[in-house]
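This briefing covers the strands, the connections between them and the main pocket of one protein chain. Please keep the sequence and the model in view while reading.

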Amino acid sequence: MDRDPAGQLDQLFEIASKYDCGLDIHLHDAGTLGHFEYEMILERIHAFGLQGKVNIAHGFALSTVPASRQESLLKELGEAGVLWSTVAPVGSARLPLQLMKNNSVRLGLGTDGIRDLWSPYGDGDSRRASRRA
């Protein structure tokens, strides 16, 4: 949005480093920009010593990374201890789940529907919603 993905990541990693906390980065960019963002995230994980403290949410660009680079990127992400949380994406290519597993990229799945925290229709409590059904 502000045409400065590097500046945004620098600020986020500085805050996480200063307060010794984890970081959750929500990514929707695909193609070359998404691939570039993964590389910038890996650089900053190592520069700030945040191995095992970064989660990538959604991260659909992984399915658009060229196959020739996908496995080596996943190896780097796994070695950096990157966590992944996502949903079953509608309208985009599948994430390479087996490659993620083979490269120790931990994965969590969730929902992206009316029960999400950001939805005006739900409060994120899927237990209560299931009791209503």
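**Strands and crossovers**

In this predicted model, strand S1, helix H2 (residues 31–48) and strand S2 form a β-α-β unit that is right-handed. From S2 the chain passes through helix H3 (residues 67–79) to reach S3, and this β-α-β crossover is right-handed.

**Pairing of S1 with S2**

- Strand S1 spans residues 23–27 and runs parallel to S2, to which five bridges join it.
- Within this pairing, Asp24 of S1 has Asn55 of S2 standing opposite.

**Pairing of S2 with S3**

- S2 also runs parallel to strand S3 (residues 83–86), and three bridges link the two.
- Opposite Ile56 stands Trp84, a residue of S3.

**Burial of S2**

- Strand S2 covers residues 54–58 and is mostly covered, with five of its five residues buried.
- In a regular strand, side chains point alternately to the two faces of the sheet.

**The largest pocket**

- The largest pocket holds about 280 Å³ of space.
- Its lining consists of 16 residues, and those nearest the centre of the pocket are Pro5, Gln8, Leu27, Asp29 and Glu37.
- Helix H1 (5–18), strand S1 and helix H2 each contribute at least two residues to this lining.
- By residue class, the lining of the largest pocket has eight nonpolar, two polar and six charged residues.

Methods: Residues numbered from 1 in each chain as written. Predicted model: local features only at pLDDT ≥ 70, side-chain atom pairs only at ≥ 80, totals over all residues. Heavy atoms only, no water. Buried < 20%, exposed > 50% of the residue type's maximum accessible area, 1.4 Å probe, protein only. Helix = DSSP H or I, 4+ residues; strand = E, 2+ residues; numbered from the N terminus. Pairing = 2+ DSSP bridges. Right-handed = clockwise from strand over helix to strand, strands pointing away. 1 Å grid on protein atoms, 1.4 Å probe; cavity = no way out; pocket = protein on both sides within 12 Å on 5 of 7 lines; lining within 4 Å. Points joined across faces, edges and corners; volume = space filled by probe spheres on them. Nonpolar A, V, L, I, M, F, W, Y, C, P; charged D, E, K, R; others polar.
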